[in-house]
Amino acid sequence: MLKGRIININSSNYTVIAKDKKYVCTVRGVFREKKVTPLVGDNVVINVKDSQIIEILKRKNQLQRPSVANIDMSLIMVSVKKPNLDLLLLDKLLVHSLASKITPIICFTKCDLLNDDEYEKIKEIKKYYKKIGFEVIENTEISYFKKLVSGKTVVCAGQTGSGKSTFINKIDSTLDLKTAPISKALGRGVHTTRLNSIYKVDDFYIVDTPGFSALDFDNIDKEVIKDCFIEFNNYTCKYTGCYHINIDGCGIEGNKNILPSRYKNYKRFIKEKDESSSKFFKK
Ligand SMILES: Nc1nc2c(ncn2[C@@H]2O[C@H](COP(=O)(O)OP(=O)(O)O)[C@@H](O)[C@H]2O)c(=O)[nH]1
Ligand SMILES: [Mg+2]
Ligand SMILES: [Zn+2]
């Protein structure tokens with residue numbers, strides 16, 4: 001018996017890494033009866049003799065899309081050009097990550113495509129997110145990234161074409177994941193990455209994803225969305241329980257220290273949440 005981790009699922013074959021060796025296992029029938037589905041990322045106990053998974057250990061958490069267990073951190077890839085900078089998607093992914101208690105790292109990609117003026121603007125944005133408390137890197141900072149994620153399991157998120165697979169290849173050149181030129185990837189909506197694997201690199205695990213398409217706030221409360229805008233806590237609003245929208249004398253709305261796009265995106269998420277709950281009550 002050996003403790004290990006599921007790193008790949010291919011129909012009914014489960015690849016488990018244990019003590020740095022790989023075992024292709026099947027799953028004991030009892031899980032099927034109990035309707036427990038082993039996931040990529042699950043910590044398991046295997047019986048080496050007959051290559052069987054005999055126990056799935058308690059999960060820390062579980063993501064829906066991609067379906068993967070035991071995630072500590074997210075790496076949010078933000079392309080600054082091709083595809084263009086999308087701060088709405090960044091703020092959305094930050095909310096989703098924080099709401100799941102997954103520590104985000106923001107990683108800007110393709111800064112090499114910018115001219116000096118454009119890069120100055122990106123640097124200001126980077127500075128803002130850093131100042132409010134996030135880890136912010138560029139995809140060239142490989143060794144710093146490796147330090148940040150040492151011992152952790154990281155899920156890579158971000159738009160198709162933002163450079164996720166390219167980055168993972170860069171941190172481990174033996175992986176050779178498929179990447180796609182942006183025109184192809186976006187034009188036809190092709191996903192070059194299909195999740196069935198989590199990769200072990202040095203002393204951490206990383207999960208590539210095909211990118212997120214529809215991210216809604218169905219399972220996230222309004223209050224939680226507000227808390228995910230972590231910089232709001234740095235300022236006082238004299239009204240308790242204030243949502244900081246259209247309230248005279250509010251300490252957050254119109255606060256010059258808050259990045260305008262952040263406040264705008266916050267307002268949009270709250271509105272989206274209000275609209276979906278009013279739809280729900282009308283039924
Ligand atoms: N100029 C430039 N191109 C990049 C960079 N990172 C990735 N790319 C290119 O962007 C395209 C999409 O990358 P890919 O890794 O497939 O994106 P994914 O869909 O997020 O996995 C590929 O053609 C890459 O070569 C970068 O930092 N700079
Ligand atoms: Mg990819
Ligand atoms: Zn307020």
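These legends walk through several close-up views of the predicted model shown above.

The model is predicted, so local features need pLDDT of at least 70 and side-chain atom pairs count only at pLDDT 80 or more, while totals for chains, interfaces and linings use all residues. Residues are numbered from 1 along each chain as its sequence is written, and chains are lettered from A and ligands numbered from 1 in the order in which they are written.

**View 1. The whole chain, with eight helices and 13 strands.**
Helices (H or I, at least four residues) and strands (E, at least two) are DSSP runs, numbered from the N terminus. The C-alpha trace spans about 70 × 50 × 35 Å along its principal axes. A compact globule of 283 residues would have a radius of gyration near 19 Å, and the 21 Å of this chain agrees with that. Here the radius of gyration is taken over C-alpha atoms, and the globule rule is 2.2 Å times the number of residues to the power 0.38. Of the 283 residues, 29% count as buried. A residue is buried if 20 or more other C-beta atoms lie within 10 Å of its own, exposed if 12 or fewer, and partly exposed in between, with C-beta atoms placed from the backbone. Now look at contacts, where two residues have C-beta atoms, placed from the backbone, within 7 Å. Among contacts between residues at least 6 apart in sequence, 65% join residues at least 24 apart.

**View 2. Five strands close into a barrel.**
A helpful reminder: strands of a sheet pair through backbone hydrogen bonds, either parallel or antiparallel. Two strands count as paired if DSSP finds at least two bridges between them. Going around the barrel, the order is 1-2-3-5-4, with mixed pairing. From one strand to the next, the twist averages 55 degrees. Axes are lines fitted to C-alpha atoms, for helices over the stretch in contact, and angles run from 0 to 180 degrees between N-to-C directions.

**View 3. Two hairpins in the barrel, formed by strands 1 and 2 and by strands 2 and 3.**
Strand 1 (residues 2-10) pairs with strand 2 (residues 13-18) in the antiparallel sense over five bridges. You can find Asn8 opposite Thr15, and Ile9 has Tyr14 as its bridge partner. Two residues lie between these strands, and Ser11 takes a positive phi near 45 degrees. Strand 2 is also joined to strand 3 (residues 21-27) by five bridges, again antiparallel. On that side, Thr15 stands opposite Val24. This second hairpin also has two residues between its strands, and Lys19 in the turn has a positive phi of about 50 degrees.

**View 4. An open sheet of six strands.**
Reading across the sheet, the order is 10-9-8-11-13-12, and the pairing is mixed. Strand 10 (135-138) and strand 12 are the edge strands, each pairing on one side only. The twist averages 30 degrees from one strand to the next. Strand 9 (residues 103-109) runs parallel to strand 10 and is joined to it by four bridges. Here Phe108 stands opposite Glu138.

**View 5. Strand 11 and its neighbours in the open sheet.**
Strand 11 is mostly covered, with five of its five residues buried. Thr153, Val155 and Ala157 point one way, while Val154 and Cys156 point the other way. Four bridges join strand 11 to strand 8, and the two run parallel; in this pair, Met73 has Val154 as its bridge partner. Strand 11 also runs parallel to strand 13, through three bridges, and Thr153 stands opposite Tyr205 there.

**View 6. The largest nonpolar core, with 51 residues.**
A nonpolar core is a set of buried Ala, Val, Leu, Ile, Met, Phe, Trp, Tyr and Cys residues joined through C-beta atoms within 7 Å. Ile76 and Cys156 have the most contacts inside this core. Helix 2 (residues 87-99) gives the most to the core, with six residues. Helix 2 lies across strand 8, strand 9 and strand 11, running at about 180 degrees to strand 8. The residues touched by Cys156 include Leu75, Met77, Ile206 and Val207.

**View 7. Helix 5 and its buried residues.**
In helix 5 (residues 164-171), the buried residues are Lys164, Ser165, Phe167 and Ile168. They cover an arc of only 160 degrees around the axis, so they sit on the same side of helix 5. The arc is that of the directions from the helix axis to the C-beta atoms. Among the elements that cover these residues are strand 8 (73-79), strand 11 (153-157), strand 12 (199-201) and strand 13 (204-207).

Methods. Lists of a residue's contacts leave out its neighbours within four places in sequence.
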